[in-house]
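Okay, thanks everyone for coming. I'll walk through one complex today, so have a look at it while I talk.

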Amino acid sequence: MSDILIDDRIRDWVFLPIIIVMFMIQMFRGLLTKYMDNKKTSQKVTSKAQVSEMIDKNITQQSQRLARLHGLLPDHSFKMKRAHLCDNKSGILTKASEKPAKDPMQSMSMMNPAAMADMLKQNLSGIVFMALQYQWVSYFFSGFVIGKVPFPLTQKFRTMLQRGVDVQNLDVRYISSISIYFVLLFGGLQKIQQLMFGDDTDEFVDDTQMQMQMQMMGMPAMPSFGQQNDPGKLFIAERTRLEGVKHTFELNKSQDKAIKSLKRFLIQ
Amino acid sequence: MEEPKVELDDLEVNQERLKQNTNQLKNLRVYGSLNAGMIAGILGMDGWIGMGIYVVIFLIVSACLAIKMNFRVKEYFKSSYDAYYSGIGTDLLLFLMIWVIFHNLVNIL
């Protein structure tokens with residue numbers, strides 16, 4: 001089948017505008033998240049349940065830090081800290097692991113309303129723009145072929161890529177404008193935005209991308225609240241991990257390390 | 001290319017510098033896949049040859065990185081797998097997008 005060449009005017013008035021508009025909206029969204037993060041004030045602790053959640057989080061952080069950096073402590077100091085956490089009767093982790101499992105519904109509703117509002121705002125800015133762009137593209141630019149994908153595809157993709165074009169035998173490689181929209185969306189205008197905005201917006205971009213993936217999967221998931229159901233199990237796991245740590249004080253090895261790095265330095 | 005040194009010795013991985021290195025690597029890879037997409041699109045490559053170009057340019061970027069580091073990977077990254085091969089799938093979609101755009105702009109439209 002011979003190649004179809006497409007009119008110049010489609011390129012000028014459809015292809016390039018879609019790309020430019022989507023790119024602009026992406027940059028605008030980046031600026032918007034930056035602005036909203038500047039406006040965010042620190043959240044006050046309001047309810048008692050939230051206080052206990054913070055305590056739990058701090059306990060796990062403490063035990064994880066101990067497990068990770070145990071080499072910096074001399075022997076007796078490490079043993080004392082470990083006993084403080086893991087002792088059979090009075091250790092913090094044992095006491096915490098005996099708490100009852102939290103009801104998932106309960107723990108979700110007792111969250112800080114400000115955090116909910118924040119997540120809602122982020123979700124909104126993501127979904128609204130996506131829906132808007134989709135509507136715009138499908139309203140104005142439907143019904144014709146806009147380009148060609150360079151790789152061969154099976155017939156199964158025909159409905160997705162050629163929406164609105166009713167020519168039956170047309171090669172699946174010729175795509176309509178909605179598929180350009182999808183290619184741009186998934187392909188990562190975010191990455192290019194990331195290049196432009198520099199390194200300090202890494203966290204924001206990760207958030208929106210993570211959100212988008214979650215929206216795609218359709219789950220009302222909570223990204224940062226990992227231990228809804230059973231904090232007791234988490235504490236038991238932490239405790240077994242701490243008790244299994246083989247402790248060596250790094251200072252004992254320091255002479256050997258010094259010799260090694262001096263040798264390496266002198267050789268260069 | 002600024003790549004501060006990292007000394008890997010059990011506890012002593014300097015987190016800040018490692019993070020900076022990986023960010024630079026990420027940026028480099030994005031540039032690499034942008035270029036690969038442009039080359040594949042402008043030259044009108046089709047199908048699997050285009051994918052081959054992506055892999056080839058990815059490996060060229062890794063090779064340049066190795067030369068710049070004087071082959072001493074351990075001082076800059078956690079492992080050589082990390083530095084050379086790990087991110088090949090993440091920028092693939094970006095490459096596809098740029099490939100489709102440039103292929104259309106140059107050859108068809």
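Quick bit of vocabulary before we start: pLDDT is the predictor's confidence in each residue, on a scale from 0 to 100. We need that here since this is a predicted model.

So, confidence. For the complex as a whole, the predictor reports an ipTM of 0.76 and a pTM of 0.69. Chain B has an average pLDDT of 79, with 85% of its residues at 70 or above. Where in chain B is confidence lowest, and where is it highest? The low end is helix H3, residues 80-84, with a mean of 76, and the high end is H2(B), at 89. There's also a stretch to be careful with: residues 6-10 of chain B have pLDDT below 50, yet that stretch makes 21 contacts in the model beyond near neighbours in sequence. As a general caution, predicted coordinates shouldn't be read in detail where pLDDT is low.

Now over to chain A. Chain A has 12 helices and two strands. If you follow the sequence, you go through six helices, hit a strand, then a helix, then the other strand, and finish with five helices. Of its 268 residues, 35% are buried. Take the contacts in chain A with a separation of 6 or more: 73% of them join residues 24 or more positions apart. Its accessible surface is about 17,300 Å², and carbon and sulfur atoms account for 61% of that.

What does UniProt say about chain A? An unreviewed entry there puts "transmembrane region" at residues 13-32, 126-151 and 171-189. In the model, residues 13-32 are 100% helix and 0% strand, with 28 Å between the end C-alpha atoms. Residues 126-151 are 58% helix and 15% strand, and there the end C-alpha atoms are 30 Å apart.

One residue to click on is A:Arg29, which sits in helix H1 of chain A, residues 8-39. Is A:Arg29 buried or exposed? Its relative accessibility is 8%, so it counts as buried, the cut-off being under 20%. Leaving out residues up to four places away in sequence, A:Arg29 touches A:Ser125, A:Gly126 and A:Phe129.

Last stop, the surface of chain B. B:Val55, B:Leu59, B:Tyr81, B:Tyr85 and B:Ile88 make up a nonpolar surface patch, together about 480 Å² of accessible area. B:Val55 belongs to helix H2, residues 48-68. With a relative accessible area of 35%, B:Val55 is partly exposed.

Right, that's my tour. Over to you.

Technical notes
Residues are numbered from 1 along each chain as its sequence is written. Chains are lettered from A and ligands numbered from 1 in the order in which they are written. This is a predicted model: local features need pLDDT of at least 70, side-chain atom pairs count only at pLDDT 80 or more; totals for chains, interfaces and linings use all residues. Side-chain values use heavy atoms; hydrogens and water are left out. Patches are made of residues with over 30% relative accessible area and no salt bridge: like charges are joined within 9 Å, nonpolar side chains (Val, Leu, Ile, Met, Phe, Trp, Tyr) within 5 Å. Accessible areas come from the Shrake-Rupley method with a 1.4 Å probe; for residues, only the protein chains shown count as cover. A salt bridge is a side-chain nitrogen of Lys or Arg within 4 Å of a carboxyl oxygen of Asp or Glu. Helices (H or I, at least four residues) and strands (E, at least two) are DSSP runs, numbered from the N terminus. Buried means under 20% relative accessible area, exposed over 50%, partly exposed in between (1.4 Å probe, protein chains only). Contact means heavy atoms within 4.5 Å. UniProt positions are given in the numbering used here, feature names are shortened, and annotations may be inferred rather than shown by experiment.
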